[in-house]
Amino acid sequence: MKELIQVIAKALVDHPDEVRVLEMEDERVITYHLLVNPADVGKVIGKQGRIAKAIRTVATSAAVRQNKRIAVEIGS
């Protein structure tokens with residue numbers, strides 16, 4: 001899952017070498033923190049959050065197969 005989020009994000013940004021995904025696991029939820037260059041945050045979020053929502057949808061769909069709940073947070 002971590003690699004999936006990272007590949008999607010690297011395709012969107014101008015600074016792909018600065019893309020990092022941190023994984024934090026709880027009893028119920030796995031949270032992925034997507035960290036990008038501050039100049040690229042808008043590109044990852046998209047207009048009205050559409051790209052961020054699409055990233056979350058893809059990640060959630062992939063997590064259903066593993067019977068896990070996930071959350072994706074975007075920051076710099």
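## Salt bridges and the three-stranded sheet

At 52% relative accessibility, Asp14 counts as exposed, because the cut-off for that class is a relative accessible area over 50%. The model in which this residue sits is a predicted one, and Asp14 takes part in a salt bridge with Lys43. The points below take up the salt bridges and then the sheet to which strand E1 belongs.

**Salt bridges**

- The count of salt bridges comes to 2 under the rule applied here, which asks for a side-chain nitrogen of Lys or Arg within 4 Å of a carboxyl oxygen of Asp or Glu.
- In one of these pairs, the side chains of Asp14 and Lys43 meet with an N to O distance of 2.2 Å.
- Asp14 is placed in the loop between helix H1 (2-12) and E1, while Lys43 belongs to helix H2 (residues 41-45), so this pair ties together parts that lie 29 residues apart in sequence.
- Lys43 has a relative accessibility of 33% and therefore counts as partly exposed, whereas its partner Asp14 counts as exposed.
- A salt bridge also joins the side chains of Lys68 and Glu25, where the N to O distance is 3.7 Å.
- Because Lys68 lies in the loop between helix H3 (50-64) and strand E3 (69-75) and Glu25 lies in strand E1, the pair ties together parts that are 43 residues apart in sequence.
- Lys68 is partly exposed, with a relative accessible area of 38%, and Glu25 is exposed, with a relative accessible area of 55%.
- As a general matter, side chains of opposite charge can pair when their charged atoms come close.

**Hairpin of E1 and E2**

- Strand E1 (residues 20-25) pairs with strand E2 (residues 29-35) in the antiparallel sense, and the pairing runs over 6 bridges.
- The two strands E1 and E2 form a hairpin, with 3 residues between them.
- Glu25 has Ile30 in E2 as its bridge partner, so that Glu25 takes part both in this strand pairing and, through its side chain, in the salt bridge with Lys68.
- Elsewhere in the pairing, Val21 stands opposite Leu34 in E2.

**Sheet**

- The sheet is open and is formed by 3 strands in the order E1-E2-E3, with mixed pairing.
- E1 and E3 stand at the edges and have a single partner strand each, so one side of each is left without a neighbour in the sheet.
- On average, and with direction ignored, neighbouring strands of this sheet are turned by 20° against each other.

How values were computed: Residues are numbered from 1 along each chain as its sequence is written. This is a predicted model: local features need pLDDT of at least 70, side-chain atom pairs count only at pLDDT 80 or more; totals for chains, interfaces and linings use all residues. Side-chain values use heavy atoms; hydrogens and water are left out. Two strands pair if DSSP finds at least two bridges between them. Helices (H or I, at least four residues) and strands (E, at least two) are DSSP runs, numbered from the N terminus. Buried means under 20% relative accessible area, exposed over 50%, partly exposed in between (1.4 Å probe, protein chains only). Axes are lines fitted to C-alpha atoms, for helices over the stretch in contact, and angles run from 0 to 180 degrees between N-to-C directions.
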